[in-house]
Amino acid sequence: MLRFINLVKFQLKLYVKNSYFVMLVITTTATMELYQYLAHYVNQTYTGQEWLIAGIMGTWASCTTSAGALAYQRWQGTLPYLLNSGISRELVLLATLSPAAIYGLVAFPLAGVLAIVLGIPVANLDWQLGLGIVILWLTATVLSYFISLLFILTRNAMAYEELVLTPILLLSGLLTIPSFALPYLKPVQMLSPLTLPIKLIYQEKINLELILTYLLVTIFFVYISKILTKFVIKRAFQENRLGVF
């Protein structure tokens with residue numbers, strides 16, 4: 001565990017030198033909040049949830065982009081050495097992408113500060129919000145791990161990030177869905193592990209069915225990720241494609 005923590009610290013230092021992840025969170029969060037500020041400025045129809053939407057977008061953007069961290073390590077040529085470091089390879093992969101996802105935790109404080117500066121009301125400040133943020137970050141990290149294993153099998157991983165970012169969020173209840181489309185999209189929302197934390201953040205009604213579905217879907221992604229990890233390792237070592245994938 002100590003070696004895992006040291007590896008996370010090492011990777012975090014590397015990402016600190018590369019300001020891309022920090023700037024991504026800042027620009028995504030600020031852009032979304034400014035967009036909502038301008039959209040509601042004329043009629044002053046602010047609900048207090050504008051900063052929550054910006055925070056969710058910033059957190060998810062960071063976690064999604066972190067999925068490209070493994071492909072970036074492969075491009076640098078350092079991934080083969082990390083996988084052969086003597087640490088559990090699942091932990092190595094997790095330690096490689098999790099520091100990039102950590103920057104996502106900056107999104108909500110940043111969104112709150114921007115809301116105060118812009119004069120937008122800040123709602124939902126209680127323990128449920130904190131719980132929702134933690135679950136959102138953990139869930140997004142699990143999804144980014146799964147996505148990263150898919151990305152690592154292609155040389156065009158970075159080009160697919162935006163294709164992954166928006167649809168999952170829209171189908172998870174980030175924005176209001178028209179009533180006529182809700183019956184069709186509700187089953188899809190239930191299959192998204194992001195639906196529960198987003199509802200917690202928005203302080204919407206949570207039922208037992210949603211909680212159980214969240215647990216099952218999250219466990220499913222963890223299980224599939226474990227299978228994909230073995231496939232990636234086999235492709236890297238047993239098929240002698242260590243540096244190419």
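How many helices and strands are there in the protein? This predicted model has twelve helices and zero strands, and the legends below walk through it view by view.

**Figure 1. The whole protein, read along the sequence, follows the pattern α-α-α-α-α-α-α-α-α-α-α-α.** Welcome to the overview. The protein has 245 residues, and 49% of them count as buried. Among contacts between residues at least 6 apart in sequence, 79% join residues at least 24 apart. The accessible surface comes to about 12,800 Å², and carbon and sulfur atoms account for 69% of that surface.

**Figure 2. Ring pairs link Y37, Y41 and Y46 into a cluster.** The count for the protein comes to five aromatic pairs. Let us start with Y37 and Y46: their ring centres are 6.1 Å apart and their planes meet at 10°, so this pair is stacked. Y37 and Y46 are both buried.

**Figure 3. F146 and F221 form an edge-to-face aromatic pair.** Here the rings sit 5.2 Å from centre to centre, with 75° between the planes. F146 belongs to helix α8 (residues 127–151) and F221 to helix α12 (residues 208–238), so the pair ties together parts that are 75 residues apart in sequence. Are these two residues buried or exposed? F146 counts as buried because its relative accessibility is 17%, and F221 counts as buried at 16%.

**Figure 4. The largest nonpolar core holds 47 residues.** Which members touch the most others? They are I56, F108, L169, L174, I201 and Y202. Helix α8 gives the most to this core, with eleven residues. Y202 is a good residue to look at in detail. Leaving aside residues up to four places away in sequence, Y202 touches Q49, L52, I53, I56, N124, G173 and L174. There is also a second, separate core of six residues, including I135, M190, L196 and L200.

**Figure 5. Helix α11 (residues 195–202) is largely enclosed by the rest of the structure.** Why can we say this about helix α11? Seven of its eight residues are buried, so the surrounding structure largely encloses this helix. The buried residues of α11 are T195, L196, P197, I198, L200, I201 and Y202. Two of these names may look familiar: I201 and Y202 are also among the residues that touch the most other members of the largest core. After α11 comes Q203, whose phi is positive, near 60°.

**Figure 6. Q44 and N124 are loop residues with positive phi values.** A word of background will help with this view. Most residues other than glycine have a negative phi. Q44 is not a glycine, yet its phi is positive, near 55°. Where is Q44 placed? Q44 is in the loop between α2 (20–39) and α3 (50–66). With a relative accessible area of 48%, Q44 is partly exposed. N124 has a positive phi of about 65°, although it is not a glycine either. The loop that holds N124 runs between α7 (107–118) and α8. N124 counts as buried, because its relative accessibility is 16%. N124 also links back to an earlier view, as one of the residues touched by Y202.

Conventions. Residues numbered from 1 in each chain as written. Predicted model: local features only at pLDDT ≥ 70, side-chain atom pairs only at ≥ 80, totals over all residues. Heavy atoms only, no water. Helix = DSSP H or I, 4+ residues; strand = E, 2+ residues; numbered from the N terminus. Buried < 20%, exposed > 50% of the residue type's maximum accessible area, 1.4 Å probe, protein only. Contact = heavy atoms within 4.5 Å. Areas by Shrake-Rupley, 256 points an atom, 1.4 Å probe, with all protein chains shown as cover. Phe/Tyr/Trp six-rings, centres within 6.5 Å; stacked < 30°, edge-to-face > 60°. Core = buried A, V, L, I, M, F, W, Y, C linked by side-chain atoms within 4.5 Å.
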